Amino acid sequence: MSDELNYVDWFRHSSPYINAHRGKTLVILIPGEAFESPNFSNIIHDLALLDSLGIRLVLVQGARPQINRALAERDLPSRIEDGYRVTPQDHLIDIIQASAAVRVQLEAQLSMGLSNTPMANAGLKVCSGNYVVAKPLGVVDGIDYGHSGEVRRIDSDAIFRLLEDDNMVLLPHLGFSPTGEVFNLKAEDVATQAAIQLKADKLIIFTEDEGIFDDKDELYSELLAHHADTILAQSSLTPITRDALEACLMAVRAAVPRAHIISFNENGGLLSELFTREGSGTMIDEDSYEKLRTATIDDVGGMMHLLAPLEAKGILVRRSRELLENEIERFLVIERDGAIVACAALYPFEQEGAGELACVAVSPEYRGSNRGERLLKGIEHEAKRLGLDTLFLLTTRTAHWFVERGFRETSLSTLPLKKQELYNYQRNSKIFAKKL
């Protein structure tokens, strides 16, 4: 029974994410390695579920290991230069055949409709064709890449028509030229250009790794582009993950709103990344001219200017400059063009495993966006880092905003004893809490 209740609770909490993704266009790269993963059938089931939820899918298919084996069987060398395969004329037919076999495998899996399986009654329609126009890489640094090419353009109009007719679109890593030639393309390049030219809402790339990890082997749930640049320069990533991160960076810097790296070996990784707050992989965002960061003593003046109107209305408890200076390490701020436009504080009660969210403020000129959400997410991340499992707050005027984000009203007796002793009965604040 508990498993059923957990499922119901997860499904209810996923509904905002489901609504947010309905009608959106996702470009998803499935590399050749994913086809050989024991989890591949689960990926197919998850793609069918996304389609049933009204999400428009463009799948890009790779075939690296399959091509390597096909060439090895004929004692032909696999030569990779600067991340691109060298494709002589006598390799091309083997590459086409290996790619076609993978494409047919994918289409067959997406065509299943057996009863008592997640594919029952799916009725997926999958279309592929000559939607990728390519040109040769040519000779680079003295290396003739032969029939290896790069994306010239994506036939966006044709793909949009297919998507609007409820088709799933499949793009192989092969491109075609106006002269009738076939070119072997890098699957990451096809996915990136498809996401950019289709103005997709997300680029998602499956890799062998769960995402990008820091030097303490902890997963980054989110990376800004400039940080990803540093990781590419300093970290020893696997080739497939490095290619994925470079592709994601190019996409977000060309106005694709979000890019994600997730593992093709994790059961449900795609669903977790899209439909849960925590996600399962790494999301890459373009650099923002707004920074969420820990406050410093130099921010006190800007914070006082931000807080003063809310304190005057009685929405926030008044804080003196001296108090702000003494507690400055408790605050996160959002800085925009040198000005503090939002702030929030976390006061930990480590013995009770709880933390108080306090002093949440967003400048009136910058409300109506996601700055409050960013602050809350930052505070929750810090609370988890400190080992806290509950976040609570006291409020008189903004209860609904917090309720909409998972907080539930609770009683004074649930608060840490020190906080109970400081409760101001004259303000009569309502108390809300959230499990992390």
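The legends below go with a set of close-up views of a predicted model.

**View 1. The whole chain, split into two domains.** Domain 1 takes in residues 4-285, and domain 2 picks up at 291 and runs to 435. Measuring from C-alpha atoms, the domain centres sit 40 Å apart. The C-alpha trace of the chain spans about 85 × 55 × 40 Å along its principal axes. In secondary structure, the chain comes to 15 helices and 23 strands. Buried residues account for 47% of the 436 in the chain. As for contacts between residues at least 6 apart in sequence, 70% join residues at least 24 apart.

**View 2. Strand 21 and its two partners, strand 20 and strand 23.** Strand 21 covers residues 390-395, and five of its six residues are buried. Strand 20 (residues 354-362) pairs with strand 21 in the parallel sense, over three bridges. To find your way on that side, look for Ala354, which stands opposite Thr390 of strand 21. With strand 23 (residues 430-435), strand 21 runs antiparallel, and six bridges join the two. Here the pair to look for is Phe392 and, opposite it in strand 23, Ala433.

**View 3. The loop after strand 20, at Ser363.** Ser363 sits in the loop that links strand 20 to helix 13 (371-385). Is Ser363 buried or exposed? Its relative accessible area is 9%, so Ser363 counts as buried. Leaving out residues up to four places away in sequence, Ser363 touches Leu306 and Val341.

**View 4. Helix 3, end to end.** Helix 3 is made of 13 residues, 40-52. At 1.5 Å a residue the helix should span 18 Å, and its end C-alpha atoms are 19 Å apart, so the two agree. Buried residues of helix 3 include Phe40, Ile43, Ile44 and Leu47. His45 and Asp46 are buried in this helix too. Just past the end of helix 3, Gly54 takes a positive phi of about 85°.

**View 5. The largest nonpolar core, around Val27.** This core has 45 residues, and Val27, Ile159, Leu171 and Ile284 are the ones that touch the most other members. Which helix gives the most to this core? That is helix 9 (residues 239-252), with seven residues. Zoom in on Val27 and, setting aside neighbours within four places in sequence, you'll find contacts with Val58 and Val60, among others. Further contacts of Val27 include Ala191, Ala194, Ala195 and Leu198, as well as Lys202. There is also a second, separate core of 39 residues, with Ile18, Leu47, Leu57 and Met168 among its members.

**View 6. Cysteines without a disulfide.** How many disulfides does the structure hold? The count is zero. A disulfide is a covalent bond between the sulfur atoms of two cysteines. For Cys359, the closest cysteine sulfur belongs to Cys343 and lies 4.6 Å away, which is too far for a bond. Cys359 is buried, with a relative accessible area of 6%. Cys248 is buried as well, and its relative accessible area is 0%.

**View 7. Asp82 and Ala255, two residues with positive phi that are not glycines.** Asp82 has a phi of about 55°. Look for Asp82 in the loop between strand 3 (80-81) and strand 4 (84-85). Its relative accessibility is 72%, so Asp82 counts as exposed. For Ala255, phi is about 85°. The loop holding Ala255 lies between helix 9 and strand 15 (258-263). Buried or exposed, then, for Ala255? Ala255 counts as exposed, at 67% relative accessibility.

**View 8. Gln420 in helix 15.** Helix 15 covers residues 417-421, and Gln420 is one of them. Gln420 is partly exposed, with a relative accessible area of 22%. Not counting residues up to four places away in sequence, Gln420 touches Leu412, Ser413 and Leu415.

Methods. Residues numbered from 1 in each chain as written. Predicted model: local features only at pLDDT ≥ 70, side-chain atom pairs only at ≥ 80, totals over all residues. Heavy atoms only, no water. Domains from an automatic or database assignment. Buried < 20%, exposed > 50% of the residue type's maximum accessible area, 1.4 Å probe, protein only. Helix = DSSP H or I, 4+ residues; strand = E, 2+ residues; numbered from the N terminus. Pairing = 2+ DSSP bridges. Expected span 1.5 Å × (residues − 1). Core = buried A, V, L, I, M, F, W, Y, C linked by side-chain atoms within 4.5 Å. Contact = heavy atoms within 4.5 Å. Disulfide = S-S within 2.5 Å.
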